[in-house]
Amino acid sequence: MTDLTKMKVAEARDALRAGELTSAELTEACLNAIDAADALGAFVHKTPEIARDRAAAADQRIKAGDAPDLCGIPMGIKDLFCTKGVDSQAASRILQGFKPEYESTVSQQLQDAGVVMLGKLNMDEFAMGSSNETSVYGNAVNPWRRGNDDTALTPGGSSGGSASAVAADLCLAATGTDTGGSIRQPAALTGITGIKPTYGRCSRWGIVAFASSLDQAGPMTKDVRDAAIVLRAMCGHDPKDSTSADLPVPDFEAALTGDIRGKKIGIPREYRMDGMPSEIEALWSEGTAMLRDAGAEIVDISLPHTKYALPAYYVIAPAEASSNLARYDGVRYGHRATLSQGDGITEMYEKTRAEGFGPEVQRRVMVGTYVLSAGFYDAYYNRARKVRTLIKRDFEQVFDQGVDAILTPATPSAAFPLGIQMDDPVQMYLNDVFTVTVNLAGLPGISVPAGTDKDGLPLGLQLIGRPWEEGDLLNTAYTLERAAGFVAKPTKWW
């Protein structure tokens, strides 16, 4: 039965339709795998009863012959998505015990498509982190290890639980969110595929907000075809989200022709960073050669404002976070501090937030409050917004020159040991160096596993696409995936 969990979404869909397999069997195999994998810290709220009920309903629907692609497919949901009647904590103590009375639009769409929810997945607190070490639940752990070394490695963040669960075959796919790289970076570090769609392609309604102008949901899957299938179900216009785009959702899977002849792929010179590991540089060159061999035209491009992206991001994101997180004050829901006699409303706010927020969230709220304060607003926040506009213009100019996609590394390194970067926030923030530009410009980006480092750890390449052209981007990623032929899996130790 355990081999069932190794199936991909497309495989399982076809087997379910052919009657070779039931959703109940597939779900049970995943539930057993989850129970045996507590060492990974991936699933933090298990929902076996919901899973079994939805699997039974999916089997009926498949028998009746009206089942969508994802009907009966077991998935994990990141703890940032509100799920009705199920703990939705955003991995924070301040939301302890919060069980929403409503379902996020994305998780509702997946439920309507017949997806079986296995439970909620670990993440960095309020999605703030690049290593899944800021979670109230404890660390999520990468299923990959370096050779015979048993040092625990990060699965990346903030969607570390999602990445770990998919890479370890605990679920067939998972939802993630990406504010500065939180889908693509963990996907790269765990050898899976992760796509951040264009800003506005997926509804943000019911997803706990971090930075509202940057956050975007997307799927984390075992390959590009699965990403196309799951993404289609997650997308769509939502009147409840004012930033949701009222555009038709194409059949992304149908776009996977594997033909990219005549496409222009840009290689940005600014992404060649000082100190970039030679393995990352070599992989990037190999990826470029693979796309050239597939018939694409490779062109050198310039994105001159790239060097300002990280500082601009770490002004804008904390500023929006400080505003979004002001609502967690102990009044309406979640954690409330125990008060001493004589404490008033101000003391309640202070004690609740001090107890409820972890150090990284406190740091970003303070940074955000600072850059929005009188006297610093123009010097920091407004300047960062202007830089963001310039970064967006860089991409527009490249796309106006006929470039169809841009190839870059996904991360500056392979997975690193848990604990080694926690004392240096700047070092941790540098993990997002290749990904934040995509969020600042609102573009679609995908990470595809393309090779391994000297220790056998996976490395990913990132493709950045034109706005709203996820189908074209997925097809280029599909071509790269087939050329790279990455099939390595972590050796089971958990």
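**Pockets, cavities and packing in a predicted model**

Q: What volume does the second largest pocket have?
A: This is a predicted model, in which local features need pLDDT of at least 70, side-chain atom pairs count only at pLDDT 80 or more, and totals for chains, interfaces and linings use all residues. Residues are numbered from 1 along each chain as its sequence is written, while side-chain values use heavy atoms, with hydrogens and water left out. For the second largest pocket (on a 1 Å grid over the protein atoms alone, an open set of points with protein on both sides within 12 Å along at least five of seven lines), the volume, taken as the space filled by probe spheres set on the points, is about 330 Å³.

Q: Which residues lie nearest the centre of the second largest pocket?
A: The lining (residues with an atom within 4 Å of a point) divides into eight nonpolar, four polar and seven charged residues. Of these 19 lining residues, the ones nearest the centre of the pocket are Lys8, Lys222, Phe486, Val487 and Lys489.

Q: Which residues of the largest pocket are the closest to its centre?
A: The largest pocket has a volume of about 390 Å³. Among the 16 residues that line this pocket, the closest to its centre are Gly206, Ile207, Val208, Ala209 and Arg327.

Q: Which residues line the second largest cavity?
A: The structure holds four cavities of 30 Å³ or more, a cavity being a set of points where a 1.4 Å probe fits but cannot get out. The second largest cavity has a volume of about 50 Å³, and its lining residues are Thr177, Arg204, Ile207, Ala209, Asp215, Gln216 and Ala217.

Q: How much space lies in the largest cavity?
A: Tyr314 and Arg364 are among the residues that line the largest cavity, as are Phe210 and Asp432. Its lining divides into four nonpolar, five polar and two charged residues, and the space within the largest cavity is about 60 Å³.

Q: Which residues in H11 are met by residues in H9?
A: Helices H9 (residues 309-324) and H11 (residues 359-371) pack with their axes 7 Å apart, at an angle of about 100°. That angle makes H9 roughly perpendicular to H11 (65 to 115 degrees). In this contact (heavy atoms within 4.5 Å), Tyr314, Val315, Pro318, Ala319 and Ser322 in H9 meet Arg364, Val365, Val367, Gly368, Thr369 and Val371.

Key
Axes are lines fitted to C-alpha atoms, for helices over the stretch in contact, and angles run from 0 to 180 degrees between N-to-C directions. Helices (H or I, at least four residues) and strands (E, at least two) are DSSP runs, numbered from the N terminus. Angles under 35 degrees count as roughly parallel, over 145 as roughly antiparallel, 65 to 115 as roughly perpendicular and the rest as oblique. Ala, Val, Leu, Ile, Met, Phe, Trp, Tyr, Cys and Pro count as nonpolar, Asp, Glu, Lys and Arg as charged, and the others, Gly among them, as polar.
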